[in-house]
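User: Please take a close look at how the helices pack in this model, and at one loop residue beside that packing. I would like a connected account that keeps to what the coordinates show.

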Amino acid sequence: MSDCATQVVADAATAADPVADAARDLIAGLGLRPWGQVAASVYETGRLVAVAPWLTGHHQRIAFLLRSQRPDGAWGPPEGYALVPTLSATDALLAALADGSAGTELLAPVARGLGALVGTLLPTEAWTLPDTPALDLIVPALVDTINDRLAGLERVTADRLVRAPLPLPAGLNRNRLRAVRSAVAAGATLPPKLAHFYEILNAVPTDAGPALTAVGASPAATAAWLTVAGPAAGPAAHAFLRALIRDGGGPVPCPAPITVFERAWVLSGLSRAGFTIDPPASVLASLTAATAGQGIATGDGLPTDADTTAVSLNALGRLGRPADPASLWAYETAEGFCTWPGEDGFSVTTNAHVLDAFGQHLNRHPGADARCHRAVDRLNLVLTRHQRADGAWQDRWHASPYYATACCVLALAEFGRGAAAAEAVDRAAGWVLSSQRADGSWGRWDGTAEETAYALQVLLTVPTTVPRVDEAVARGHAYLHESADREHPPLWYGKELYCPTVIVRATVLAACRLASIRASGVDRSVVDCGYQSTKTAT
């Protein structure tokens with residue numbers, strides 16, 4: 001079967017199922033959009049406005065920032081998650097003011113952005129900052145850049161904005177930023193993951209060569225490198241940026257590319273939900289590096305990590321291409337498994353995905369060496385010990401506890417050992433039942449289709465004999481049907497919260513399918529869910 005002719009192999013139970021049709025088209029798109037699909041990023045788009053106004057689409061990016069500003073002057077999601085995008089957008093508009101690429105009509109939105117920063121996002125008293133990657137580098141860098149721009153404005157313009165430099169939030173300092181920049185200036189070899197933040201490092205051009213596609217899987221990092229090195233130094237990187245700009249109409253996403261990440265999460269999630277799929281050979285082949293060395297990375301420009309490696313192994317196994325999970329041993333620690341060596345923090349979802357990978361391996365090879373059995377026992381203990389008192393889990397790679405809870409519950413429900421694992425699943429289901437909203441949805445801030453899908457996945461591990469479960473599933477399923485056309489908010493951790501749109505859509509389709517199975521008993525083709533197939537051209 002050709003890559004473009006990918007299809008879901010429908011049996012009698014799924015032959016007339018629009019959800020299966022939509023899943024088929026989603027999988028076909030994986031091969032047609034190899035960089036992945038991520039919603040536009042305020043942070044990354046702002047960095048392109050500030051550091052690379054020479055790139056095509058500059059004025060469209062400014063327009064995107066203006067229409068994305070919230071009524072309170074900030075940008076981005078609620079709470080402290082607005083800090084990084086608001087700093088980036090405010091700095092970008094200040095840069096456009098200073099270089100003359102936009103007129104004084106930017107003064108009002110800049111003033112509102114500065115007001116939001118001073119009023120709520122940069123308090124001087126102690127408060128809890130979100131654990132987004134490199135926040136301790138990005139925030140000091142942008143605060144300093146904004147203060148420098150304000151100091152350089154003509155006095156008549158500056159008087160209309162602010163009269164004092166922006167402070168750093170309590171708990172942050174410039175020490176790490178200074179140390180990293182000094183190391184870069186001295187020519188030190190830095191961890192590969194720092195390439196993702198190249199735009200704030202004040203780095204000299206790396207000798208990457210013309211074949212480089214993206215610096216650190218980041219349009220902003222790539223644009224900053226090209227601005228210093230020159231487009232001729234990286235024709236492939238320049239073409240990559242032009243393609244992203246064209247696809248987004250000016251604004252750009254982040255992270256990008258997310259080739260392996262997107263494919264692994266989509267294929268593992270849909271196959272786990274019971275879709276019978278035959279993905280393109282090229283898509284499957286892109287996951288096979290998970291079996292070698294220290295595994296595989298989310299996309300070009302990022303280091304290998306245990307999370308992407310484990311989910312890739314999980315996807316391969318569920319698609320009949322089982323592979324030895326030995327590459328995961330590189331990430332084993334005293335606490336469980338790290339996302340990458342030297343990780344600042346601990347991820348329960350990475351450990352849940354590693355349990356999926358080892359659990360599958362032992363199901364196929366029950367006589368595997370004792371180390372694999374010990375790892376599964378340890379991971380059961382790690383996950384149950386990290387469960388919150390209310391029955392949920394929280395993780396450092398997603399803002400919503402429903403994502404972490406679904407990852408842990410699915411792993412423990414399938415590969416859990418002993419009474420503790422079963423009890424943890426039951427407690428999680430109880431928390432989900434107790435937190436459903438009046439409209440049938442679930443969500444941290446508001447009800448969302450993504451979080452509702454995770455909640456349904458948790459409940460659908462519980463037998464139908466448990467009271468209230470079927471009613472809650474039916475209400476959540478109805479919400480997914482009603483919210484099919486709504487935009488998915490950003491909930492995934494990056495430099496700011498972001499939305500990997502195809503992964504989220506696959507998650508919703510998986511929940512729809514499982515809920516349909518629960519509702520119909522044997523017949524799997526009952527509910528449309530509003531996800532009509534949009535045929536993908538071959």
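Analyst: What follows takes up one helix pair, then the other, then a loop residue and a single helix.

The model is a predicted one, and the description below should be read in that light. Two packed helices are described by the angle between their axes and the distance between the axes. For helix 13, which spans residues 306-318, and helix 14, which spans residues 348-364, the angle is about 35 degrees and the axes lie 8 Å apart. The crossing of helix 13 with helix 14 is left-handed. On the side of helix 13, the contact is built from Ala306, Asp307, Ala310, Val311, Leu313, Asn314, Gly317 and Arg318, and these meet Thr349, Thr350, His353, Val354, Asp356, Ala357, Gln360 and Arg364 of helix 14. Sorted by class, the residues of this contact comprise six nonpolar, six polar and four charged.

Helix 13 also leads to the loop residue, since Ser327 is found in the loop between helix 13 and strand 3 (332-333). With a relative accessible area of 3%, Ser327 falls under the 20% limit and is therefore buried. When neighbours within four places in sequence are left aside, the residues in contact with Ser327 are Ala290, Thr291, Ala292, Gly293, Gln294, Gly295, Thr309 and Leu313. Of these, Leu313 appears again among the helix 13 residues that make the contact with helix 14.

The other pair is formed by helix 2 (residues 42-51) and helix 9 (residues 219-229), whose axes come within 8 Å and cross at roughly 10 degrees. Because angles under 35 degrees count as roughly parallel, helix 2 and helix 9 are described in that way. Their crossing is right-handed. Here Glu44, Arg47, Leu48 and Val51 of helix 2 meet Pro219, Ala220, Ala223, Ala224 and Thr227 of helix 9, and the residues of this contact divide into six nonpolar, one polar and two charged.

Finally, helix 11 (residues 259-272) has 14 residues and reaches 20 Å from its first C-alpha to its last, close to the 20 Å expected at 1.5 Å a residue. Twelve of the 14 residues of helix 11 are buried, so this helix is largely enclosed by the rest of the structure. The buried residues of helix 11 include the charged Glu262 and Arg263, along with Phe261, Trp265 and Leu267. After helix 11 comes Gly274, which has a positive phi near 100 degrees.

How values were computed: Residues numbered from 1 in each chain as written. Predicted model: local features only at pLDDT ≥ 70, side-chain atom pairs only at ≥ 80, totals over all residues. Heavy atoms only, no water. Axes fitted to C-alpha atoms, helices over the stretch in contact; angles between N-to-C directions. Helix = DSSP H or I, 4+ residues; strand = E, 2+ residues; numbered from the N terminus. Parallel < 35°, antiparallel > 145°, perpendicular 65-115°, else oblique. Left-handed = near helix turned anticlockwise from the far one by under 90°. Contact = heavy atoms within 4.5 Å. Expected span 1.5 Å × (residues − 1). Buried < 20%, exposed > 50% of the residue type's maximum accessible area, 1.4 Å probe, protein only.
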